[in-house]
Amino acid sequence: MSAPATAEYRETRAALTWPLIAAGGVVPAVLMLAGAVLGVAVDPVWFVAVVAVPLCPPFIAYISLLWRNRRTGIVMDDAGIRVGALDGGPDSYQAPWAVVRSARIETSAGLVDAMLKARRIFSANRYWGVPRGHSHYTLAAGVLVPPFARAVLVVELGELTGVQARPPRPRRYFGNYLNVASFSRRYEARESTLWLAPTRRPEDLAAALAAHGLG
């Protein structure tokens, strides 16, 4: 599929919605600051909160997810579609228009979850640990769905020819025989013809897709 010359669409920090920023940044930071203030004004024992808060669930999970999703973005130009880390670091993916079979915006979180389950995809951008029942799933390169995503760009590739991918380093998750049938498992990202990326500007992205004859 070829695309006419159009203006570039660029969206940075596409995954940083306010719920994720609050859960992984603002709330733990406020609690840590409160602990420091109380440690100075009331009792030094409150300084323990400065260390304890980021290590307590669910803060440790959301802090980690905020860090994993901080660089996710979307770029569309004459060369094709690029999702992930726009600085060219790990977790960045670029596909030419010739291999893009379809691209659309999905606003139903339930349908996105169903899509991941149907293809047995585990998204490290969405889960801090391996959910129960997901131990046999694969870590698909290009699937970048964070928690609290309201709209997701769904890209289907016809083939992987010409695709430039820099998947993240393999991750090891410890299930302790609870969520996985072993003490731990090493997940390595595998090539995928399905890419998912969050967007905070679905209307603008929809217009950009339409300009390329997609959507």
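**A note on strands, cavities and pockets**

1. Let me start with strand β6, where both faces are covered: V152, V154 and E156 on one side, and L153, V155 and L157 on the other, are all buried (buried means under 20% relative accessible area, exposed over 50%, partly exposed in between, with a 1.4 Å probe and protein chains only). The strand spans residues 152–157, and six of its six residues are buried. In a regular strand, side chains alternate between the two faces of the sheet. Strands here are DSSP runs of E with at least two residues, and helices are runs of H or I with at least four, numbered from the N terminus.

2. A word on the ground rules: this is a predicted model, in which local features need pLDDT of at least 70 and side-chain atom pairs count only at pLDDT 80 or more, while totals for chains, interfaces and linings use all residues. Residues are numbered from 1 along each chain as its sequence is written, and side-chain values use heavy atoms, with hydrogens and water left out.

3. What does β6 pair with? Strand β5 (residues 100–106) runs antiparallel to β6 and is joined to it by six bridges, and strand β10 (residues 194–198) is joined to β6 by five bridges, also antiparallel. Pairing requires that DSSP finds at least two bridges between two strands. E156 is a handy place to look: S102 stands opposite it in β5, and L194 is its bridge partner in β10.

4. Next, have a look at the open sheet of five strands, ordered β1-β2-β3-β4-β7 with antiparallel pairing. β1 (9–11) and β7 (164–166) stand at the edges with a single partner strand each, so one side of each has no neighbour in the sheet. Neighbouring strands in this sheet are turned by 10 degrees against each other on average, direction ignored. Axes are lines fitted to C-alpha atoms, for helices over the stretch in contact, and angles run from 0 to 180 degrees between N-to-C directions.

5. At the β1 edge, three bridges join β1 to the antiparallel strand β2 (residues 72–77), with Y9 opposite M76. Helix α5 (residues 202–211) packs on the sheet and touches β1 and β2, its direction making about 30 degrees with that of β2; contact means heavy atoms within 4.5 Å.

6. For your grid work, there are two cavities of 30 Å³ or more. On a 1 Å grid over the protein atoms alone, a cavity is a set of points where a 1.4 Å probe fits but cannot get out, and a pocket is an open set with protein on both sides within 12 Å along at least five of seven lines; lining residues have an atom within 4 Å of a point. The largest cavity holds about 60 Å³, and N125, L139, A140, V143 and P168 lie nearest its centre among 14 lining residues. The second largest has a volume of about 50 Å³ and is lined by D113, L116, K117, I121, Y127, H134 and Y137.

7. The largest pocket offers about 320 Å³ of space. Of its 14 lining residues, R70, R71, P90, P168 and R171 are the closest to its centre. α3 (59–69) and β3 (80–85) each supply at least two residues of this lining, and α3 gives the largest share, three residues.

8. Finally, the second largest pocket has about 190 Å³ of space. Among its 14 lining residues, T17, W18, R150, T199 and R200 lie nearest the centre.

How values were computed: Points joined across faces, edges and corners; volume = space filled by probe spheres on them.
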